[in-house]
Amino acid sequence: MNANANANDSGPSISPSAVSLGLLAAWTVHDLEEVATMARWSRTRVPALRERHPGVPDRVWRSLETVDGREFATAVAVMGLIVAAASADGYRTGGRSAFYQASLNGFGLHGLVHVAQAAATRGYTPGVVTSPLLVVPFTLWARGRLRRAGVLRPTRARDIVSGLALAGAATAVSHAVARRIHRAASAP
């Protein structure tokens, strides 16, 4: 082996498309479940949940009961742009991107949140089917590939918090943008 080959070697290679663009593919399947089920779920399950959990603030129940299918789909599309940007950055950097890895962590953790929500509500919640079947397994697989390639950043408690915070912030931004779009479209 010559010295130049060693100088340019960045460690074991990974399949950047499977690991990074796989995030976008897994997210797409997962969010299709949410789009397909959210409006009906909010109409049929929220009244019973409101009764069962009277301590939850009324504004939370109102926001869930008034979910507009088009606005929700727009929020999902906005989130898709964020996930696509993270996936592209992961592809560009061979999985090394901090943004990509935080997004991957947030995706997996949000899958666990879906499972916890279903347990707390004692029933189906949008996204719970694909969470244990796709979201969490894909995240663990991708993290394993990144680890074997030597590019996975060490995970600390603050990384877990930042992954959840990134997922939460991206969700809030997506819904705020969707709300603005639909208000502007319906304004005279």
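This is a short tour of a predicted model, stop by stop, with something to select at each one.

**Stop 1: colour by confidence**

Start by colouring the chain by pLDDT. The average is 87, and 93% of the residues score at least 70. Now select residues 1–11: pLDDT stays under 50 there, and the model has 2 contacts beyond four places in sequence for this stretch. Helix α1, residues 3–8, has the lowest mean pLDDT among the elements of the chain, at 38. For the other end of the scale, select α6 (130–148), which has the highest mean, 96.

**Stop 2: the largest pocket**

Which residues are closest to the centre of the largest pocket? Select E34, M38, F72, T171 and H175, and you have them, out of 44 that line this pocket. Its volume is about 1200 Å³.

Next, bring up the helices around the space. α2 (16–52), α3 (58–65), α4 (69–92), α5 (98–121) and α7 (157–186) each supply at least two lining residues. The largest share comes from α7, with 10 residues. Try colouring the lining by class: you should find 25 nonpolar, 14 polar and 5 charged residues.

**Stop 3: the second largest pocket**

Now move to the second largest pocket, with a volume of about 180 Å³. To show its lining, select L104, N105, G108, L109, L112, V136, T139, L140, R143, T155, D159 and I160. Which helix gives the most to this lining? That's α5, with 5 residues. α6 and α7 each supply at least two as well. By class, the lining splits into 6 nonpolar, 4 polar and 2 charged residues.

**Stop 4: the largest nonpolar core**

Hide the pockets and select L23, Y100, L104, F107, F138 and L146. Of the 24 residues in the largest nonpolar core, these touch the most other members. The elements giving two or more residues to this core are α2, α4, α5 and α6, and α2 gives the most, with 8. You've met L104 already: this core residue also lines the second largest pocket.

**Stop 5: zoom in on Y100**

Finish with Y100 and the residues around it. What does Y100 touch, leaving aside residues up to four places away in sequence? Select V19, S20, L23, A86, S87, G90, G95, A142 and L146 to see these contacts. Two of these names, L23 and L146, are familiar from the previous stop, where they were listed with Y100 among the core residues that touch the most other members.

Note on methods: Residues are numbered from 1 along each chain as its sequence is written. This is a predicted model: local features need pLDDT of at least 70, side-chain atom pairs count only at pLDDT 80 or more; totals for chains, interfaces and linings use all residues. Side-chain values use heavy atoms; hydrogens and water are left out. On a 1 Å grid over the protein atoms alone, a cavity is a set of points where a 1.4 Å probe fits but cannot get out, and a pocket is an open set with protein on both sides within 12 Å along at least five of seven lines; lining residues have an atom within 4 Å of a point. Grid points are joined across faces, edges and corners, and a volume is the space filled by probe spheres set on the points. Helices (H or I, at least four residues) and strands (E, at least two) are DSSP runs, numbered from the N terminus. Ala, Val, Leu, Ile, Met, Phe, Trp, Tyr, Cys and Pro count as nonpolar, Asp, Glu, Lys and Arg as charged, and the others, Gly among them, as polar. A nonpolar core is a set of buried Ala, Val, Leu, Ile, Met, Phe, Trp, Tyr and Cys residues joined through side-chain atoms within 4.5 Å. Buried means under 20% relative accessible area, exposed over 50%, partly exposed in between (1.4 Å probe, protein chains only). Contact means heavy atoms within 4.5 Å. pLDDT is the predictor's confidence in each residue, from 0 to 100.
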